[in-house]
Amino acid sequence: MVEELKLEGIWWLPGDPEKKVCGRLTFDQENGAELSLIVSFKEIEQSTDIARYEFINSITTDGKKVTLYKCLEVNSTLHMTGLLTSRYVADYVFIGIWFTKEDDIRFTTLDLNMSNLGAWFDVNKIQSKFCLDTEEFKVKPWQSYVPKAIVDGYTIQIRLVTNISHRLFPHQELSFNNQVFFVVTSEKEISLEDSLEIIKRLQNFLTFACNAPAYPLSIVAGTNPKRLASTDENKVQLYYKTVILGKQTVTISRFNMLFSYGNIASRFEEILNLWFSISKEFEPSLNMYFATRYNTKMYIEHTFLTLIMALEAYHRRRFGNSEVSEEEHKKRINDILKSAPNEYREWLKEKLRYSNEPSLRKRLKELFESYKDILEDLLQTDESRFTNDLVNTRNYLVHFDEGRRDSVLNSTGIYELSERLKMILDVVFLNELRFDSEDIKRIIKSSYIVYKW
């Protein structure tokens with residue numbers, strides 16, 4: 001999906017298939033999908049209207065079926081010749097099929113190739129096989145599957161494909177490469193929304209495991225032929241714009257990963273089920289955590305504040321969000337309001353709305369107590385000093401408290417705090433995946449460079 005597209009063909013609206021116009025589609029991750037038509041679907045008297053279309057269909061010059069979904073006109077030009085041209089952007093591109101109804105966008109399989117998946121699977125350790133016909137010198141690709149995992153009603157497998165090429169001249173030569181895919185299958189059809197959620201969770205899982213950003217390289221979905229009145233299953237290539245702010249391909253080493261497939265092979269199904277579960281339970285926290293992983297160009301202050309919010313969001317879900325019981329807090333608020341002058345009660349009530357939430361300092365203390373056996377060994381600094389530096393710096397950056405300027409860390413100090421915050425989040429998420437304490441300490445020490453000095 002990181003590849004660029006340039007497709008020319010004729011285009012039409014499903015509701016008006018007789019009106020076909022020529023145009024060119026381009027796609028890349030910076031600009032998304034853009035369609036330029038040399039003749040607009042609109043009439044000249046509609047030139048000032050902004051057009052929105054659910055679907056635009058096409059047959060390209062090389063015979064490919066194409067569907068654009070969620071289309072918005074971004075430019076319309078009436079030329080001196082009286083010709084009206086239009087340019088559209090689309091949220092999704094489907095190659096290999098014509099969709100005309102939203103309900104038809106459903107899939108039974110997803111084949112996902114992602115960056116770093118081969119390294120995580122340690123594909124170089126796999127003994128490749130191939131079939132060679134020596135008489136005709138034909139080489140066929142070989143593929144295999146690892147044990148499947150049943151997750152939320154979906155079957156998820158890892159598929160290894162060995163592609164082999166040969167050359168006869170100037171001398172006989174064979175070469176091969178391995179590709180690894182996540183393969184998702186379902187007895188029930190998967191909506192586009194659910195498909196995107198599955199892709200997101202597997203992408204985040206791989207990013208977490210590899211300790212480096214992972215991105216979809218290609219997405220091929222299989223459709224139900226009965227739904228589309230077809231005799232064969234359609235294989236559909238899906239393209240959409242993702243948030244890619246760092247390098248798309250990063251060379252990673254298994255020594256910097258949190259864990260590889262080999263480390264969890266015996267627990268593959270359990271780990272994936274736990275990951276999908278915490279992806280729902282701790283979604284706000286994980287969204288902020290991964291925002292810092294994918295956006296490697298964040299200002300260090302932004303990274304620092306985002307990681308603090310991720311840690312606070314995790315604490316809310318795991319440990320609760322109240323210092324005292326709701327009943328006790330309600331009584332306390334009522335007593336305070338009764339003692340206040342009438343004209344200030346509404347103002348005071350609003351100010352006290354979140355007064356039962358623990359402070360950042362208290363949240364950190366509870367987290368340290370819960371993970372004491374792990375963090376005491378990993379933090380490499382005094383807990384009280386770490387908490388003071390973190391709270392004072394956060395308060396200064398958020399509230400611009402001039403009284404705390406002297407206690408605020410510089411950029412280097414904020415970077416070191418951010419690395420420790422990320423480490424704490426890695427610890428809690430590894431714990432949610434039920435790695436034991438000794439394994440977590442070993443993983444952190446082997447994957448964070450600070451412990452290798």
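This report covers helix α11, its packing against α9, and two buried leucine and threonine sites in other helices.

The model is predicted: local features need pLDDT of at least 70, side-chain atom pairs count only at pLDDT 80 or more, and totals for chains, interfaces and linings use all residues. Residues are numbered from 1 along each chain as its sequence is written, and side-chain values use heavy atoms, with hydrogens and water left out.

**Helix α11**

Helices here are DSSP runs (H or I, at least four residues), numbered from the N terminus. Helix α11 covers residues 383-399. Its 17 residues should span 24 Å at 1.5 Å a residue, and the end C-alpha atoms are 24 Å apart, so the two agree. The expected span is 1.5 Å times one less than the number of residues.

At the start of α11, a side-chain oxygen of Asp382 comes within 3.2 Å of the backbone nitrogen of Ser384. That is a polar contact (N or O atoms within 3.5 Å, one able to donate a hydrogen and the other to accept it; residues adjacent in sequence count only if both atoms are side-chain atoms). Just after the helix, Phe400 has a positive phi of about 50°.

Buried residues of α11 include Phe386, Leu390, Val391 and Tyr396. Buried means under 20% relative accessible area, exposed over 50%, partly exposed in between (1.4 Å probe, protein chains only). Their cover includes α6 (300-319), α9 (360-370) and α12 (411-432).

**Packing of α9 on α11**

The axes of α9 and α11 lie 10 Å apart, at an angle of about 150°. Axes are lines fitted to C-alpha atoms over the stretch in contact, and angles run from 0 to 180 degrees between N-to-C directions. On the α9 side, the contact (heavy atoms within 4.5 Å) is made by Leu360, Arg361, Leu364 and Phe368. On the α11 side, Glu383, Phe386 and Arg394 are among the residues involved.

**Two buried sites**

| Residue | Helix | Relative accessibility | Contacts beyond four places in sequence |
|---|---|---|---|
| Thr292 | α5 (residues 283-294) | 13% | Met298, Thr303, Thr306, Leu307 |
| Leu337 | α7 (residues 326-339) | 14% | Arg345, Leu348, Lys349 |

Thr292 counts as buried because its relative accessibility is 13%. A polar atom of the Thr292 side chain lies 2.6 Å from the backbone oxygen of Tyr289.

Leu337 is also buried, at 14%. Leu337 and Leu348 are 11 residues apart in sequence, and their C-alpha atoms are 7.3 Å apart.
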